[in-house]
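Here is a short briefing on charged contacts and a nonpolar surface. Keep the sequence and the 3D view open while you read.

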Amino acid sequence: MLFSGESTFANFLADAFAIFVLILWFWLFITTASDLFRRHDISGFGKVMWVILLIVLPYIGIFAYILAQGGGMAERNRVQARQARDELRQAVGFSAADELMKLDRLASDNAISKEEYARMRARLLQ
């Protein structure tokens with residue numbers, strides 16, 4: 001009866017889990033591959049070897065890359081986000097000095113608390 005083609009709740013759960021795992025694998029693969037190709041500290045040969053491992057042994061390759069390079073992935077993401085933020089600030093004419101003046105004005109008008117002022121000032125000065 002289990003293989004009679006009937007649609008059961010167990011089959012639905014198995015299919016839903018399989019789709020979830022597939023989507024998770026695609027997300028991890030894209031994250032890993034984008035980090036790999038963004039790196040400048042690995043030679044072309046090293047990148048080719050990682051790509052072969054990611055294609056031939058997909059789950060093992062992804063987990064090995066994350067285990068070996070996970071800390072570096074986070075740091076590279078932070079650096080890329082900081083660079084993008086700085087480029088955007090340059091493009092729109094953002095000036096930290098202007099924002100500090102606005103922040104001082106808000107603090108003097110009591111529009112924000114001293115804690116908010118300190119937190120926002122620290123964020124601006126990063």
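**Salt bridges and a nonpolar patch**

Arginine 39 counts as buried, at 5% relative accessibility. The cut-off for buried is under 20%, so arginine 39 qualifies. This is a predicted model. A search of the whole structure finds five salt bridges. Three of them are described below, followed by a patch on the surface.

**The arginine 39 pair**

- The side chain of arginine 39 meets that of aspartate 41 in a salt bridge, at 2.8 Å from N to O.
- Aspartate 41 is exposed, with a relative accessible area of 57%.
- Exposed means over 50%, so aspartate 41 falls in that class.
- This salt bridge therefore has a buried arginine 39 and an exposed aspartate 41.

**The aspartate 35 network**

- Which residues are linked with Asp35 in a network of salt bridges? They are Arg38 and Arg76.
- Aspartate 35 is buried, with a relative accessible area of 1%.
- Arginine 38 forms a salt bridge with aspartate 35, and the closest N and O atoms are 3.6 Å apart.
- Both of these residues lie in helix α1, which covers residues 9-38.
- Arginine 38 and aspartate 35 are three residues apart, about one turn of the helix.
- Is arginine 38 buried or partly exposed? At 25% relative accessibility, arginine 38 counts as partly exposed.
- Aspartate 35 also meets arginine 76 in a salt bridge between side chains, at 2.8 Å from N to O.
- Aspartate 35 lies in helix α1 and arginine 76 in helix α3 (residues 58-92), so this pair ties together parts that are 41 residues apart in sequence.
- Aspartate 35 and arginine 76 are both buried.

**The nonpolar surface patch**

- A nonpolar patch of about 800 Å² lies on the surface.
- Phe45, Val48, Met49, Ile52, Ile55, Val56, Leu57 and Ile60 make this patch.
- Which helix gives the most to the nonpolar patch? Helix α2 (residues 44-56) does, with six residues.
- Valine 56 is one of the patch residues, and its place is in helix α2.
- Valine 56 is exposed, with a relative accessible area of 57%.
- Patch residues need over 30% relative accessible area, so valine 56 meets that requirement.

**To check in the view**

- Start at Asp35 and follow its salt bridges to Arg38 and Arg76.
- Then look along helix α2 for its six residues in the nonpolar patch.

Note on methods: Residues numbered from 1 in each chain as written. Predicted model: local features only at pLDDT ≥ 70, side-chain atom pairs only at ≥ 80, totals over all residues. Heavy atoms only, no water. Patch = residues over 30% accessible without salt bridge, like charges linked within 9 Å, V, L, I, M, F, W, Y side chains within 5 Å. Areas by Shrake-Rupley, 256 points an atom, 1.4 Å probe, with all protein chains shown as cover. Salt bridge = Lys/Arg side-chain N within 4 Å of Asp/Glu carboxyl O. Helix = DSSP H or I, 4+ residues; strand = E, 2+ residues; numbered from the N terminus. Buried < 20%, exposed > 50% of the residue type's maximum accessible area, 1.4 Å probe, protein only.
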